[in-house]
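Visitor: I'd love a close look at one stretch of this model, starting from a loop and following the contacts outward from there. Could you walk me through it slowly?

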Amino acid sequence: MSDDDTEFTGSNDVEGDDTHGFSTDFGDTELGDDEPKQGLFDDLLSGEPIFENKEVLRPSYTPHELPHRSDQINKMATILVAALRGETPSNILIYGKTGTGKTASAKFVSKELESTSQKYSVPCDVEYINCEVTDTQYRVLAQLANKFIEKNKERIDDRIDSLEDLLGAIEEYEAGNDPSADESELFDYPDELADAPDDPNVSTGADNPDTPNESPVETEGYEDGDTAGDSGATADGAAEPSHPLASTPFDSVAEIEARIESLEEDKDSFEDVPMTGWPTDRVYNVFFDAVDYDERVVVIMLDEIDKLVEKSGDDTLYNLSRMNSELENSRVSIIGISNDLKFTDFLDPRVKSSLGEEEIVFPPYDANQLRDILEHRSDVAFKGGALSEDVIPLCAAFAAQEHGDARRALDLLRTAGELAERSQAETIVEEHVRQAQDKIELDRVVEVVRTLPTQSKLVLFAIILLEKNGVHSINTGEVFNIYKRLCEEIDADVLTQRRVTDLISELDMLGIVNAVVVSKGRYGRTKEISLSVPLEETEAVLLSDSRLSDIDDIQPFVQARFEN
Ligand SMILES: Nc1ncnc2c1ncn2[C@@H]1O[C@H](COP(=O)(O)OP(=O)(O)OP(=O)(O)O)[C@@H](O)[C@H]1O
């Protein structure tokens, strides 16, 4: 890996940069030397590590506690508890700026929801989709369809296992063996199989249009009444073991075998959706059938929902929000998470009102709240005494200035720790936090610049060339002239000046340049442009693009400015 490669990864992770250190030491490690040499990693390992458990500072870690989010978490729980009563929870829209704990809180609540639903045997499934990655209707529906198919298959397998156990128990009983040793197993007939008895259609599952419309509430009532009643009687009469079928909805072994067969047919009938290639309505139908196969409440969590709407409109949301009127066995509820408050403006009014039944806002954290969050994490993350007193308050203050972003605060703390570790310091001090702040900022710039389209890179390069040559108050016309020359040099299409003005505004929005509109009296208004990011590093990123690196001698372009 060349130094350049390492520098422009755009990662905040200092570890990657350690390769710089290694490369210089490499030459000293001579192979074949008799004396045991310090290995490549020995020096680095010999320092006292600062971290006890670095993982807890990474974005992938889901904390068990979320300080300062109890209001939002309680509100979500109050809405979602309906699912545990077998009712359909209202749809929820969660708003808030980046790093305000939306995803972490929603995931925390859904984990609790699923575990409570298991505890009380109320069927409830939560599915999480990140719409930044899964950003078309096809992909969202295909991913959901495949997840529910997988869940259905697992449930079918469990049911078949229970039925086979039941068959085994009957065999034992009929052979005259005393079943009392296995009694609990024998009579612990799974509640969910209790849907078989009076209704001959049930076994045909999703493919059968006659499957009864029973809400989970009704199921509960049914279990309490019939099945549970039977089990109770059996338990009471434990002294006289009854026939294993007594506590089940089946009358004969043949019925059980028929049920197993029909479950196996159901399982074989599920066809996974390929990630491309089918018509969308076919994908929708498969998804619909997979969800409706069982009685359950399904919560679909769409994170970064604005990205889905931006990329592929509101069809997916429209289809998901009208499903409940057609579903027979299950109910669907949607949680949308977004950091763009305005995305609902682009929604069909019906979708907008259905999706926004409940809205929960996640405000930015202030410095004190960020401090609490960091303190909670640092107890686990660092060795005792590794942090000097002012480190957490400084990280919190920097992140609060940003926009109350907990992710940024955690990144700062981790990066500061990594920098301290790298310099073999025993404690993290204020200076490490400042260095971490610069590093993260530079990494962000590098990443943004690296991923710009070529035309924007050319515009930015033109601005850099002007700045490098000491031009102050750069205006759009000057940028355009240099840009034009650069395009000619690399054979790129030349956009109109109007389009270049738009690209400058985009760079301004990304925080790479600063463009202020100034009035020039009777000559109208113009933009004065200046660079907001470090010049040399940005230029190096631009030149790492293979197309731009073809531009050799750039000086004449700037001189051309004076000729125009
Ligand atoms: N109250 C909190 N307590 C502890 N950690 C938190 C808290 N809020 C956020 N975090 C942490 O901050 C990071 C960012 O949080 P999260 O991903 O939930 O933000 P978000 O609001 O969903 O942001 P985005 O809109 O960018 O996805 C995560 O690592 C999360 O664990």
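Guide: Happy to. Let's start at Asp491, which sits in the loop between helix H19 (476–490) and helix H20. Please keep in mind that this is a predicted model. The phi angle of Asp491 is near 60°, a positive value in a residue other than glycine. Asp491 counts as exposed because its relative accessibility is 70%, and the cut-off for that class is over 50%.

From that loop we can step into H20, which covers residues 497–509. Here Arg499 and Asp502 are 3 residues apart, about one turn of the helix. Their side chains meet in a salt bridge, with 3.7 Å from N to O. Side chains of opposite charge can pair when their charged atoms come close. Both partners fall in the middle accessibility class: Arg499 is partly exposed at 35%, and Asp502 is partly exposed at 38%.

A second salt bridge reaches across the sequence instead. Glu539 pairs with Lys468, and the closest N and O atoms are 2.9 Å apart. Glu539 belongs to helix H21 (residues 535–543) and Lys468 to helix H18 (residues 454–468), so this contact ties together parts that are 71 residues apart in sequence. The two ends sit in unlike surroundings: Glu539 is buried, with a relative accessible area of 10%, whereas Lys468 is partly exposed at 44%.

In total, the structure holds 28 salt bridges. One of them joins the side chains of Arg296 and Asp125, at 3.3 Å from N to O. That pair links distant parts of the chain, with Arg296 in strand E3 and Asp125 in strand E2, 171 residues apart. Arg296 counts as buried because its relative accessible area is 0%, and Asp125 counts as buried because its value is 5%; the limit for that class is under 20%. Arg296 and Asp125 are part of a network of salt bridges that includes Glu127, Lys147, Lys151, Arg155, Arg159 and Asp294.

The two strands that carry this pair deserve a closer look. Strand E2 (residues 124–130) and E3 run parallel and are joined by 7 bridges. Within that pairing, Tyr128 has Met301 in E3 as its bridge partner, and Ile129 stands opposite Leu302 in E3. E2 is largely enclosed by the rest of the structure, because 5 of its 7 residues are buried.

E3 itself spans residues 296–303, and 8 of its 8 residues are buried. In a regular strand the side chains alternate between the two faces of the sheet. In E3, one set, made of Arg296, Val298, Ile300 and Leu302, points one way, while Val297, Val299, Met301 and Asp303 point the other way. Every one of these residues is buried. E3 has a further parallel partner in strand E4 (residues 330–338), again through 7 bridges. There, Val297 stands opposite Arg331 in E4.

Further along the chain, Thr316 is found in helix H12 (residues 315–322). Thr316 counts as buried because its relative accessibility is 0%. The C-alpha atoms of Thr316 and Leu141 are separated by 7.9 Å, although the two residues are 175 residues apart along the chain.

Now for the surface, where negative charge gathers in a patch. Its members are Glu150, Glu154, Asp158, Asp161, Glu164, Asp165, Glu257, Glu261, Glu264, Glu265, Asp268 and Asp272. Helix H6 (137–174) and helix H9 (253–269) each supply at least two residues of this patch. H6 gives the most, with 6 residues. Glu264 has its place in H9, and it counts as partly exposed because its relative accessibility is 38%.

To finish, here is another backbone detail to set beside the loop where we began. His68 lies in the loop between helix H3 (42–46) and helix H4 (70–84). Its phi is near 65°, a positive value in a residue other than glycine. His68 counts as partly exposed because its relative accessibility is 33%, whereas Asp491 counts as exposed at 70%.

Key: Residues are numbered from 1 along each chain as its sequence is written. This is a predicted model: local features need pLDDT of at least 70, side-chain atom pairs count only at pLDDT 80 or more; totals for chains, interfaces and linings use all residues. Side-chain values use heavy atoms; hydrogens and water are left out. Patches are made of residues with over 30% relative accessible area and no salt bridge: like charges are joined within 9 Å, nonpolar side chains (Val, Leu, Ile, Met, Phe, Trp, Tyr) within 5 Å. Accessible areas come from the Shrake-Rupley method with a 1.4 Å probe; for residues, only the protein chains shown count as cover. A salt bridge is a side-chain nitrogen of Lys or Arg within 4 Å of a carboxyl oxygen of Asp or Glu. Lys and Arg count as positive and Asp and Glu as negative; His and the chain ends are not counted. The place of a charge is taken as NZ of Lys, CZ of Arg, CG of Asp or CD of Glu. Helices (H or I, at least four residues) and strands (E, at least two) are DSSP runs, numbered from the N terminus. Buried means under 20% relative accessible area, exposed over 50%, partly exposed in between (1.4 Å probe, protein chains only). Two strands pair if DSSP finds at least two bridges between them.
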